[in-house]
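Subject: Handover of a structure and the findings on it

Dear colleague,

Please find below the structure that I am handing over to you. My findings follow directly after it.

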Amino acid sequence: MNPRPPSVSRRRFLQSASATGAGLLLLKSTTLFGQNTPSKKLNIALIGVWGRGLAHYDALAKENVVALCDVNELRFPEALLRFPGAKTYVDWRKCLEQKDLDAVVCCTPDHSHAHIAMWAMNRGLHVYMEKPIAMTVEEIRLVRATYLKHRKKLATQAGTQRHAFPNFARVRELIRDGAIGELRAVYAWGNRQLRRPGYLPEAGAPPSTFHYDLWLGPSPVHPYNPDYFSGKAGMNCLQWNMYWDFGTGQVGDMGNHTMDLAWNAIDAGHPTAIEATGEAYNPEVTPVELTAHFDHPANDWRPAIRVSWYQGGHLPTSPKRYLDLNGIGHGVMFKGAKGLLVSDFNTRMLIPVGDTDDLTYYRPRAKADVTPPLGNFQEEWINACKGSLQTSCNFDYNGLLTEQMALGLVAYRAGKRLEYDGKAGQVTNAPEANAYLSREYRAGWPLNG
Ligand SMILES: NC(=O)c1ccc[n+]([C@@H]2O[C@H](COP(=O)([O-])OP(=O)(O)OC[C@H]3O[C@@H](n4cnc5c(N)ncnc54)[C@H](O)[C@@H]3O)[C@@H](O)[C@H]2O)c1
């Protein structure tokens, strides 16, 4: 832990100094920066500047991007064209020492997410973290708990930007307003299939401009192979995210986006039991085919429900032969006492099911009660950093979702139904499964740094 977060103490000093008037001289004689400047621009570090990082350039260009960090030095010239004057770093641990930072946007591979989130929050920095915010149950719980501890001063957002699609709010409204009657079960699925035999074999040395050891970061050493880095911008994650030491496969990839569509509508906490089945376990590669079921207790508006995730060709059974769920690449189906709601990211279908399900019980919302548009997802976080601290996918909301999905992989590895104590973060009926809640880190890469 950093006992005295530098940027927070500097911000507080500026605030109190200007409040007393004693700071006027200081304010005249020093460069103003960050949230305290009259323009209220944030000083942001972008970690991982290419690939998914590029998708954030437009939103970030309205702020001060003062630091750029990437393990591939060849990515800096293009980023500097857009953010001239930013300092460059190859090691995010050094980058986070820069004193004028207010906030961090992180677009690195998944195996560094929890570390960067923790180190940044421990230094008083707001965080936008690409999904998944962390890989293991232990990491996700620590990141969420740390955010909850600091939620009165830090804004966080998980990179599930589809959440801003109007369909997310419409689906929630239909479920909450009873369009399918009492909610009984929820099914989410994704059909992406990336089959990998095992870690790639050694293939030469990395170029001098590519800091492979820093790319590995906290994860165990695997030989360098350029195929891990051969994907197109924004798609290169598919080159490494199937390997256990670098990602969680589709559970952390499209699973995080797709389960968000369900999660937004069900007001769930921790599951009490999890069971999962899939292809034979491969110690190097995460499963392509997986079905995971999560039992959630009742809450104040719905009974206990089972939430299920299917991937890699596994699908829920279609309730009607004319409904081809396989035609929806990534989708969600809600089953209620009186009907079904089937949705992809942008559209939804309501299917009343029984002879008496005439929809007379359902009253569409008045226009004035419809959830207003969320607006630009990145800007929601930027505005939150500047004061509101309110985001739709903070590390509390998304942490619970991501923990549930990670538990699916724990149950898959354990090969049996697990009972879970969400308060303690422990499997209670199969102690051996608790070994799958965490992972080992290389020396020099503490999680809570
Ligand atoms: N929200 C979305 O829709 C969406 C879409 C694509 C990717 N993603 C997420 O974004 C992240 C990055 O995916 P990608 O396809 O851009 O990956 P990538 O392999 O292209 O990496 C992105 C950038 O990070 C750099 N990098 C790698 N390790 C680093 C480190 N330790 N420190 C600093 N820089 C580092 C790379 O050199 C590259 O420039 C993943 O977590 C992925 O899940 C999200």
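In helix H8, which spans residues 166-176, the residues Phe168, Val171, Leu174 and Ile175 are buried. A residue is called buried here if 20 or more other C-beta atoms lie within 10 Å of its own, exposed if 12 or fewer do, and partly exposed in between, with the C-beta atoms placed from the backbone. Helices (H or I, at least four residues) and strands (E, at least two) are DSSP runs numbered from the N terminus. The four buried residues lie on the same side of H8 because they cover an arc of only 130° around the axis, the arc being that of the directions from the helix axis to the C-beta atoms. An α-helix has 3.6 residues a turn, so residues three or four places apart point the same way. The cover over the buried residues of H8 includes strand S7 (183-190), helix H11 (254-266), strand S11 (330-336), S12 and S13. Just after H8, glycine 178 adopts a positive phi of about 85°.

Two remarks on the basis of all this are needed. The model is a predicted one, in which local features need pLDDT of at least 70 and side-chain atom pairs count only at pLDDT 80 or more, while totals for chains, interfaces and linings use all residues. Residues are numbered from 1 along each chain as its sequence is written.

The sheet

S7, S11, S12 and S13 belong to an open sheet of 9 strands with mixed pairing, in the order S13-S12-S11-S7-S10-S9-S8-S14-S15. Its edge strands are S13 and S15, each of which pairs on one side only. Two strands are said to pair if DSSP finds at least two bridges between them.

At one edge, strand S12 (residues 339-343) runs antiparallel to strand S13 (residues 348-352), and 5 bridges join them. Leucine 340 stands opposite isoleucine 351 of S13. The two strands, S12 and S13, form a hairpin with 4 residues between them.

Within the sheet, strand S9 (residues 290-296) pairs with strand S10 (residues 305-311) in the antiparallel sense, over 7 bridges. Here phenylalanine 294 is opposite valine 307 in S10.

Strand S14 (residues 418-421) has alternating side chains: Leu418 and Tyr420 point to one face and are buried, whereas Glu419 and Asp421 point to the other and are not. S14 is joined to the antiparallel strand S8 (residues 273-278) by 2 bridges, and glutamate 419 is the bridge partner of alanine 273. S14 also pairs with strand S15 (residues 426-427), again antiparallel and over 2 bridges, with tyrosine 420 opposite valine 427. The hairpin of S14 and S15 has 4 residues between the strands, and glycine 425 in that hairpin takes a positive phi near 70°.

The two domains

The chain is divided into domain 1 (6-162) and domain 2 (165-194 + 249-372 + 396-437); such bounds come from an automatic or database domain assignment. Their C-alpha centres lie 32 Å apart. The contact between them takes 18 residues from domain 1 and 16 residues from domain 2, where two residues are in contact if their C-beta atoms, placed from the backbone, lie within 7 Å. On the side of domain 1 that touches domain 2, helix H7 (residues 137-150) gives the most, with 8 residues. That side of domain 1 consists of 10 nonpolar, 2 polar and 6 charged residues. In this count Ala, Val, Leu, Ile, Met, Phe, Trp, Tyr, Cys and Pro are nonpolar, Asp, Glu, Lys and Arg are charged, and the others, Gly among them, are polar.

The ligand and two buried residues

Around the ligand there are 30 residues, of which Gly48, Trp50, Gly51, Asn236 and Cys237 come nearest. A residue counts as near if its C-beta atom, placed from the backbone, lies within 6 Å of the molecule. This shell has 12 nonpolar, 11 polar and 7 charged residues.

Arginine 75 lies in the loop between strand S2 (64-69) and helix H4 (76-82). It counts as buried because it has 21 C-beta neighbours inside 10 Å. Leaving aside residues up to four places away in sequence, arginine 75 touches Val49, Trp50 and Asp70. From tryptophan 50, arginine 75 is 25 residues away in sequence and 6.3 Å in space, C-alpha to C-alpha.

Histidine 126 is placed in strand S5 (residues 126-129) and is buried, with 27 other C-beta atoms within 10 Å. With residues up to four places away in sequence not counted, histidine 126 touches Asp102, Ala103, Leu154, Ala155, Thr156 and Cys385.

With kind regards
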